[in-house]
Amino acid sequence: MLVRAGDDGTGERVEGQLESDDGRRRTLNIEARHTDRVYALAFGRDALASASWDATARLWDPATGRCRHVLTRHTGRLWAAAFDPTGQLLATAGDDLVIR
């Protein structure tokens, strides 16, 4: 699995190649709709999280590329995102020195 985030000049994009359990590959291409740089990506169970310097994290459905939820409680740039081993819980951290 290869996934990267970058600024394409029109907004942040998350793109990459996903391989399913049966070996089929497909392209993941999400218009992330963050207003600043995407700094961290994390995969959970049936979800992709993006954390941005715009102080938001977003949960994505990798199958459809649709945003499921926007997390807005941070007050500064986000630097990290990680799911727990079950893939159910997401932690984010950034300049506000709070792990949420």
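Okay, let's start with one residue: Asp46 is exposed, with a relative accessible area of 56%. Asp46 sits in the loop between E4 and E5, and its phi is near 60 degrees, which is a positive value in a residue other than glycine. Why point that out? Most residues other than glycine have a negative phi.

Before I go on, keep in mind that this is a predicted model. The chain has a mean pLDDT of 79, with 68% of its residues at 70 or more. Where is confidence lowest, and where is it highest? The low end is strand E1, residues 2-7, with a mean of 54, and the high end is strand E9, residues 90-94, at 96.

Back to phi for a second. Ala55 isn't a glycine either, and its phi is positive too, at about 75 degrees. You'll find Ala55 in the loop between E5 and E6. Is Ala55 buried or exposed? Buried, with a relative accessible area of 13%, and the cut-off for that word is under 20%.

Now the sheet that these loops belong with. Four strands make an open sheet, running E4-E5-E6-E7, and the pairing is antiparallel. Strand E4 (38-44) and strand E7 (66-71) are at the edges with a single partner strand each, so each has one side left without a neighbour in the sheet. From one strand to the next, the twist averages 20 degrees. If you look at E5, residues 47-52, and E6, residues 57-61, they pair in the antiparallel sense over four bridges. To pick out a residue there, Leu48 has Trp60 in E6 as its bridge partner.

Over on edge strand E7 we have Leu71. Leu71 is partly exposed, at a relative accessible area of 28%. Which residues does Leu71 touch, leaving out those up to four places away in sequence? Ala55, Thr56, Ala57 and Leu90. So Ala55, the buried residue with the positive phi, turns up again here. The C-alpha atoms of Leu71 and Arg58 are separated by 6.0 Å, and those two are 13 residues apart along the chain.

Okay, rings. The count comes to three aromatic pairs. Tyr39 and Trp53 make a stacked pair, 5.5 Å centre to centre with 20 degrees between the planes. Tyr39 is in strand E4 and Trp53 is in the loop between E5 and E6, so this pair ties together parts that are 14 residues apart in sequence. Tyr39 itself is partly exposed, at 43% relative accessible area.

Tyr39 has another ring partner, Trp79, and that pair is edge-to-face: 4.5 Å between centres and 75 degrees between the planes. Here the link is between distant parts of the chain, with Tyr39 in strand E4 and Trp79 in strand E8, residues 78-83, 40 residues apart. Trp79 also counts as partly exposed, with 31% relative accessibility. Put those together and Tyr39, Trp53 and Trp79 form one aromatic cluster.

Last thing, and it's about Trp53. Which arginines lie over its face? Arg37 does, at 5.1 Å from the ring centre, and Arg77 does as well, at 4.8 Å from the ring centre. So when you open the model, go to Trp53: you can find Tyr39 stacked with it, plus Arg37 and Arg77 over the ring face.

Conventions
Residues numbered from 1 in each chain as written. Predicted model: local features only at pLDDT ≥ 70, side-chain atom pairs only at ≥ 80, totals over all residues. Heavy atoms only, no water. pLDDT = per-residue confidence, 0-100. Helix = DSSP H or I, 4+ residues; strand = E, 2+ residues; numbered from the N terminus. Pairing = 2+ DSSP bridges. Axes fitted to C-alpha atoms, helices over the stretch in contact; angles between N-to-C directions. Buried < 20%, exposed > 50% of the residue type's maximum accessible area, 1.4 Å probe, protein only. Contact = heavy atoms within 4.5 Å. Phe/Tyr/Trp six-rings, centres within 6.5 Å; stacked < 30°, edge-to-face > 60°. Lys NZ or Arg CZ within 6 Å of the ring centre and 35° of its normal.
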